[in-house]
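Please open the model in a viewer and keep the selection panel at hand. The stops below proceed from the whole chain to a single position.

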Amino acid sequence: MIPLSEGHACKILQGYLVYYPGSRTHLGLGKNTLDGRAIEAPDIGPVRRRVMVGGLHSRYYHEAA
């Protein structure tokens, strides 16, 4: 991604700072995130996509039916 301005670069970095601790997995943490992740049962509802970091990353989650 090429930032178009200083403000655009700040917005991208702020999005990444929100995304990273809750979504990015680490081998040193047993493929867990810095914030930890709850295990969700597969039958709790349809899977939804949340676009993050301006579309560079996505997070998938269950939405209760």
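**Whole chain**

Select the protein chain and colour it by secondary structure: one helix and four strands appear, with helices being DSSP runs of H or I of at least four residues and strands runs of E of at least two, numbered from the N terminus. The chain is more spread out than a compact globule, because its radius of gyration is 14 Å, well over the 11 Å that the globule rule gives for 65 residues. That radius is taken over C-alpha atoms, and the rule is 2.2 Å times the number of residues to the power 0.38. Followed along the sequence, the pattern reads α-β-β-β-β.

This is a predicted model, in which local features need pLDDT of at least 70, side-chain atom pairs count only at pLDDT 80 or more, and totals for chains, interfaces and linings use all residues. Residues are numbered from 1 along each chain as its sequence is written, and side-chain values use heavy atoms, with hydrogens and water left out.

Next, display the C-alpha trace, which spans about 45 × 30 × 15 Å along its principal axes.

**Burial**

Colour by accessibility: 14% of the 65 residues count as buried, that is, under 20% relative accessible area, with exposed meaning over 50% and partly exposed in between (1.4 Å probe, protein chains only).

**G15**

Now select G15, which sits in helix α1 (residues 6-23). G15 counts as partly exposed because its relative accessibility is 23%. Add V53 to the selection: the C-alpha atoms of G15 and V53 are separated by 4.7 Å, although 38 residues apart along the chain.
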